[in-house]
Amino acid sequence: MIIELFKQCYGKSTRKLKLYDHVAGATEIALYILDRFGKTYPKEKRDTLIFSTFAHDLGKLNSDFQAMLQAVIKGDPLPSKRVKHEASTLEYIDVLRDGQDEIIKELFSAFSYKITDPIDLDMVLAFAVSHHGLFYMSYESTKNYGDKWLIRREWTTRTINEVKRITLVDLLLLFHPFGGLVMVSDLIHSFCHEKGIDYRNLISETASYGQLLDKLIEEADNLEMALNKDDPRSNRGIKELLELLMGGVD
């Protein structure tokens, strides 16, 4: 079901790109980067990163976000109700859980990539929530609503009900040096799709993962423009985010 939903929904307005084609394209890029720069990277972490890249835009299934994309496609004004798709991720926890095996089969079918280690869906959701650097996941215990994951924005605050959290910084540390791979693969696919260029030409010019991040930092303004077409924001801080990803990467 999840694969069919991805094929039915839009991922980008440019050339009416379907969500499946975007996440599959980003996954292909993630595999290419790991094959090129991460040959000794642990398989269990690689599995989580590849699965997470395929699932990173789960929140774009949101009907209000789809309405925004359709308005751009038709050349209509954007709807008054605007959503950030990352903030809609947890609406589709059950879709992800039910579709976990389906995604694993699709990864093997489409990319000949075999998941061999158990997938921690909390990590997958955290990558989806944080992949534009705006939000994090907070696990909170409340009297009225029980224990559950919630999406929060201010990293420097902590609610009295919070038990634990997973932020972008946590992911960068846990999956070092490729903790930002989901974000990087998403950015590269979006940028290359907008420009109509082959991602291999962009990546093959670099000799290391650090050099690739440097190249993306140089293109930060263009990356910002590519993303703002479908989801306008005053400033995503992409350059600053990429500089954060550079921490500890040679």
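Arg 200 is a good place to start: with a relative accessible area of 35%, Arg 200 is partly exposed. Please keep in mind throughout that this is a predicted model.

## Salt bridges

The structure holds eleven salt bridges. One of them pairs Arg 200 with Glu 28, and the closest N and O atoms of this pair are 2.9 Å apart. Arg 200 lies in helix α10 and Glu 28 in helix α2, so this pair ties together parts that are 172 residues apart in sequence. Glu 28 is partly exposed too, its relative accessible area being 30%. The pair also belongs to something wider: salt bridges that share partners join Glu 28, Asp 198 and Arg 200 into one network.

Helix α2 contributes to another of these links. Arg 46 forms a salt bridge with Asp 35, with 3.6 Å between the closest N and O atoms. Since Arg 46 lies in helix α3 and Asp 35 in helix α2, the pair ties together parts that are eleven residues apart in sequence. The two partners sit in unlike surroundings: Arg 46 is buried, with a relative accessible area of 10%, whereas Asp 35 is partly exposed at 41%.

Helix α3 also has a salt bridge of its own. Here the side chains of Asp 47 and Lys 43 meet at 2.5 Å, N to O. Both residues lie in α3, four residues apart, which is about one turn of the helix. Asp 47 counts as buried, at 0% relative accessibility, while Lys 43 counts as partly exposed, at 30%.

The three pairs can be set side by side:

| Salt bridge | N to O distance |
|---|---|
| Arg 200 and Glu 28 | 2.9 Å |
| Arg 46 and Asp 35 | 3.6 Å |
| Asp 47 and Lys 43 | 2.5 Å |

## Helix α6

Now to helix α6, which covers residues 100-111. Its twelve residues reach 16 Å from the first C-alpha to the last, close to the 16 Å expected at 1.5 Å a residue. Which residues of α6 are buried? They are Gln 100, Ile 103, Glu 106, Leu 107 and Phe 111. Seen down the axis of α6, these buried residues fall within an arc of 115°, so they line one face of the helix. On the other side of α6, you will find Asp 101, Lys 105 and Ser 109 exposed.

The cover over the buried residues of α6 comes from several helices, including α1 (2-8), α2 (19-37), α3 (43-55), α5 (93-98) and α7 (121-130). Just after α6 comes Ser 112, whose phi is positive, near 55°.

## Helix α11

Helix α11 (residues 209-218) has seven of its ten residues buried, so it is largely enclosed by the rest of the structure. The buried residues of α11 are Tyr 209, Gly 210, Leu 212, Leu 213, Lys 215, Leu 216 and Ile 217. They pack against α2, α9 (181-195), α10 (199-203), α12 (220-228) and α13. Helix α2 therefore turns up again here, among the helices that the buried residues of α11 pack against, as does α10, the helix that holds Arg 200.

## Lys 60 and Gln 8

Is Lys 60 buried or exposed? At 3% relative accessibility, Lys 60 counts as buried, and its place is in the loop between α3 and α4 (63-74). Leaving aside residues up to four places away in sequence, Lys 60 touches Gly 11, Lys 12, Leu 19, His 22, Phe 65, Gln 66 and His 85.

Gln 8 is found in helix α1 and counts as partly exposed, at 47% relative accessibility. The C-alpha atoms of Gln 8 and Ala 67 are separated by 13 Å, with the two residues 59 residues apart along the chain.

## A nonpolar patch

Lastly, the surface. Val 169, Leu 173 and Leu 244 make a nonpolar surface patch of about 260 Å². Leu 244 belongs to helix α13, residues 238-245, and is partly exposed with a relative accessible area of 36%. Helix α13 is also one of the helices against which the buried residues of α11 pack.

Technical notes:
Residues numbered from 1 in each chain as written. Predicted model: local features only at pLDDT ≥ 70, side-chain atom pairs only at ≥ 80, totals over all residues. Heavy atoms only, no water. Helix = DSSP H or I, 4+ residues; strand = E, 2+ residues; numbered from the N terminus. Expected span 1.5 Å × (residues − 1). Buried < 20%, exposed > 50% of the residue type's maximum accessible area, 1.4 Å probe, protein only. Arc of directions from axis to C-beta. Contact = heavy atoms within 4.5 Å. Patch = residues over 30% accessible without salt bridge, like charges linked within 9 Å, V, L, I, M, F, W, Y side chains within 5 Å. Areas by Shrake-Rupley, 256 points an atom, 1.4 Å probe, with all protein chains shown as cover. Salt bridge = Lys/Arg side-chain N within 4 Å of Asp/Glu carboxyl O.
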